[in-house]
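Reader: I am new to reading protein structures, and I would like to go through this one slowly. Could you take my questions in turn and show how each answer is reached?

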Amino acid sequence: MSILHTVNKSPFQKADLSSCLAHANAGDAVLLIEDGVYGAIAGTDAAKDIATADPSIYVLGGDLAARGIAGDKVADGITVIEYDGFVDLVTEHKAVNSWL
Amino acid sequence: MSDETIKKFLYMNRKAPYGTIYALEALEVVLIGAAFDQDVSLAFLDDGVFQLTEGQNTDGIGVKNFSPAFRALGDYDVNKLYVEKESLEARGLAESDLMELVWEDEDDDWAEKPSIKIVSRDELKAIMGDQDVIMSF
């Protein structure tokens with residue numbers, strides 16, 4: 001069983017996403033929530049880091065929509081999920097690590 | 001408490017000590033959690049490594065210097081403090097800049113042993129993957 005990481009800070013303001021990606025193991029999942037969803041926008045440095053990262057990357061659709069980030073702005077390789085998918089991820093992993 | 005119910009708890013410290021309340025609150029949680037006889041480890045990475053510097057003196061800023069409380073952890077069987085080497089180096093620090101924290105091993109005639117272990121990022125990744133519960137501050 002692996003770890004679910006959540007990141008809730010913008011990668012343009014804080015280094016939490018970059019540290020999370022550097023410490024997550026293959027087989028882990030990383031979920032972008034709240035201001036963390038800005039890290040899912042295609043064509044940014046954050047998206048480049050995500051593209052080469054080991055874990056699977058998810059982003060919460062409700063937080064994207066709230067911030068006016070349309071689905072077609074999300075970088076390839078990132079899966080958009082809703083709250084029920086968030087719950088599934090929590091149950092599928094041994095522990096949750098919130099990168100506050 | 002039977003062995004089956006002991007879980008591995010990792011407290012991750014990623015914030016410097018006085019700019020926010022996170023570091024102090026994390027230490028409070030660790031000390032409270034120590035009463036529950038779990039397998040506890042602490043990780044210090046990113047700015048969290050600044051929590052362990054030797055010689056902190058807060059007289060000039062009017063807040064409590066809580067760094068001496070780290071010395072109490074050994075008495076609560078909290079003796080695995082993993083400090084990430086890459087985070088230290090990126091901040092111009094070395095192990096010699098950190099407090100000397102020790103615990104007494106009752107299985108070894110109460111010999112004093114170091115609590116701080118410097119680990120690489122890869123070693124820390126493996127430690128994180130081995131936990132049942134992670135609390136991040």
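Author: Let us begin with a term: two residues are in contact if their C-beta atoms, placed from the backbone, lie within 7 Å. Please also keep in mind that this is a predicted model.

Reader: With which residues is B:Tyr11 in contact, leaving aside its neighbours within four places in sequence?

Author: B:Tyr11 belongs to the largest nonpolar core, which has 55 residues, and B:Tyr11 is listed there among the residues that touch the most other members, including A:Val30, A:Val59 and B:Phe44. In soluble globular proteins, nonpolar side chains tend to be buried together. Once the neighbours within four places in sequence are set aside, the contacts of B:Tyr11 are B:Ala26, B:Val29, B:Val30, B:Leu42, B:Met135 and B:Phe137.

Reader: In what order do the five strands of the open sheet in chain A stand?

Author: The pairing in this open sheet is parallel, and the edge strands, each of which pairs on one side only, are β4 (78-81) and β5 (95-99) of chain A. From one strand to the next the twist averages 25 degrees. Read across the sheet of chain A, the order is β4-β3-β2-β1-β5.

Reader: Which residue in β3(A) stands opposite A:Leu31?

Author: Strand β2 (residues 29-32) of chain A and strand β3 (residues 56-60) of chain A run parallel and are joined by four bridges. Both faces of β2(A) are covered, with A:Ala29 and A:Leu31 buried on one side and A:Val30 and A:Leu32 buried on the other. Across from A:Leu31, in β3(A), stands A:Tyr58.

Reader: Which residue in β5(A) stands opposite A:Val7?

Author: β1(A) and β5(A) run parallel, and five bridges join them. Along β5(A) the side chains alternate, with A:Val96 and A:Ser98 pointing to one face and not buried, while A:Ala95, A:Asn97 and A:Trp99 point to the other face and are buried. The residue of β5(A) that stands opposite A:Val7 is A:Trp99.

Reader: Is A:Asp28 buried or exposed?

Author: A:Asp28 lies in the loop between α1 and β2 of chain A, and, with residues up to four places away in sequence not counted, A:Asp28 touches A:Ser2, A:Ile3, A:His5 and A:Pro55. A residue is buried if 20 or more other C-beta atoms lie within 10 Å of its own. Because A:Asp28 has 23 other C-beta atoms within 10 Å, A:Asp28 is buried.

Reader: Which element gives the most residues to the side of chain A that touches chain B?

Author: The contact takes twelve residues from chain A and twelve residues from chain B. On the side of chain A, the elements that give two or more residues are α1 (16-23) and β5 of chain A. By class, that side has five nonpolar, six polar and one charged residues. The element that gives the most to it, with four residues, is β5(A).

Reader: Which element of chain B do the buried residues of α1(A) pack against?

Author: In α1(A), the buried residues are A:Asp16, A:Leu17, A:Cys20, A:Leu21 and A:His23. Within chain A they pack against β1, β2, α2 (45-51) and β5, and from chain B they are joined by α3 (121-129).

Reader: Which strands stand at the edges of the open sheet in chain B?

Author: Chain B has three helices and seven strands, and five strands form an open sheet in the order β6-β3-β2-β1-β7, with parallel pairing. Two of these strands have a single partner strand each, so one side of each is left without a neighbour in the sheet, and they are β6 (116-119) and β7 (133-136) of chain B.

Reader: At about what angle to β1(B) does helix α1 (residues 22-33) of chain B run?

Author: Strand β1 (residues 8-13) of chain B runs parallel to strand β2 (residues 39-44) of chain B, and six bridges join the two. Helix α1 of chain B lies across β1, β2 and β7 of chain B, and its angle to β1(B) is about 165 degrees.

Reader: What is the radius of gyration of chain B?

Author: The C-alpha atoms of chain B fill a box of roughly 45 × 30 × 30 Å, taken along the principal axes. For 137 residues the globule rule gives 14 Å, and the value for chain B is close to this, so chain B is as compact as a globular protein of that length, with a radius of gyration of 15 Å.

Notes: Residues are numbered from 1 along each chain as its sequence is written. Chains are lettered from A and ligands numbered from 1 in the order in which they are written. This is a predicted model: local features need pLDDT of at least 70, side-chain atom pairs count only at pLDDT 80 or more; totals for chains, interfaces and linings use all residues. Two strands pair if DSSP finds at least two bridges between them. Axes are lines fitted to C-alpha atoms, for helices over the stretch in contact, and angles run from 0 to 180 degrees between N-to-C directions. A residue is buried if 20 or more other C-beta atoms lie within 10 Å of its own, exposed if 12 or fewer, and partly exposed in between; C-beta atoms are placed from the backbone. A nonpolar core is a set of buried Ala, Val, Leu, Ile, Met, Phe, Trp, Tyr and Cys residues joined through C-beta atoms within 7 Å. Ala, Val, Leu, Ile, Met, Phe, Trp, Tyr, Cys and Pro count as nonpolar, Asp, Glu, Lys and Arg as charged, and the others, Gly among them, as polar. The radius of gyration is taken over C-alpha atoms; the globule rule is 2.2 Å times the number of residues to the power 0.38.
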